[in-house]
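Good morning, and thank you for the opportunity to present. I would ask you to keep the structure in view while I speak.

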Amino acid sequence: MWLWAIIVGFVLGLIAKAILPGKQHQPLWLTTLFGIIGAVLGNAVATWIGVGETRGIDWTRHLLQIAGAVLVVALGEMMYGAIKGKRQTT
């Protein structure tokens, strides 16, 4: 189960980085962690609105996971930049 969470978090983190404009400076392990958190957030929202479990492919849940990963990666990049003292150039 943990391996699957890491793989999904890695993929979602990379998708989120590709969606966000500009260059993100966070390391890959942090992108993976943010992707995992985004997936959990997306799953929580999907369950909350009643689309957490459906027949077939859960497209809404997957879109919410990507949206959660984009949000968490963007916020994480801002915090990482503030901690490291890097200025973002977009």
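Let me begin with the contacts of the chain as a whole. Of the contacts with a separation of 6 or more, 62% are between residues 24 or more positions apart. Please bear in mind that this is a predicted model.

What elements does the chain contain? There are three helices and zero strands, and from the N terminus on the order reads α-α-α. The C-alpha trace spans about 45 × 25 × 20 Å along its principal axes. The chain has 90 residues, and 33% of them are buried.

I turn next to a pair of helices. Helix α1 covers residues 2-19 and helix α3 covers residues 59-84; their axes come within 8 Å and cross at roughly 70°. An angle of 65 to 115 degrees counts as roughly perpendicular, and α1 and α3 are therefore roughly perpendicular to each other. The crossing of α1 past α3 is right-handed.

Which residues make this contact? From α1 come Leu12, Gly13, Ile15, Ala16, Lys17 and Ile19, and from α3 come Gln65, Ile66, Ala69, Val70 and Val73. By character, the residues of the contact of α1 with α3 are eight nonpolar, two polar and one charged.

One residue of this contact, Gln65, merits a separate word. Is Gln65, in helix α3, buried or exposed? Its relative accessibility is 8%, and residues under 20% count as buried, so Gln65 is buried. Apart from neighbours within four places in sequence, Gln65 contacts Leu12, Gly38, Ala39, Gly42 and Asn43.

Now to the interior. How many residues make up the largest nonpolar core? There are 11 residues in all: Leu12, Ala16, Leu20, Leu30, Phe34, Ala39, Ala69, Val70, Val72, Val73 and Tyr80. Helix α1, helix α2 (28-49) and helix α3 each supply at least two residues of this core. The largest share, five residues, comes from α3.

Several of these names have been heard already. Leu12 and Ala16 of α1, together with Ala69, Val70 and Val73 of α3, take part in the contact of the two helices, and they are also listed in the core.

Finally, consider Val72, another member of the core. Not counting residues up to four places away in sequence, Val72 touches Phe34, Ile37, Gly38 and Leu41. Of these, Phe34 is itself in the core. Gly38, for its part, is also in contact with Gln65.

That concludes my presentation. Thank you for your attention.

Notes: Residues numbered from 1 in each chain as written. Predicted model: local features only at pLDDT ≥ 70, side-chain atom pairs only at ≥ 80, totals over all residues. Heavy atoms only, no water. Axes fitted to C-alpha atoms, helices over the stretch in contact; angles between N-to-C directions. Helix = DSSP H or I, 4+ residues; strand = E, 2+ residues; numbered from the N terminus. Parallel < 35°, antiparallel > 145°, perpendicular 65-115°, else oblique. Left-handed = near helix turned anticlockwise from the far one by under 90°. Contact = heavy atoms within 4.5 Å. Nonpolar A, V, L, I, M, F, W, Y, C, P; charged D, E, K, R; others polar. Buried < 20%, exposed > 50% of the residue type's maximum accessible area, 1.4 Å probe, protein only. Core = buried A, V, L, I, M, F, W, Y, C linked by side-chain atoms within 4.5 Å.
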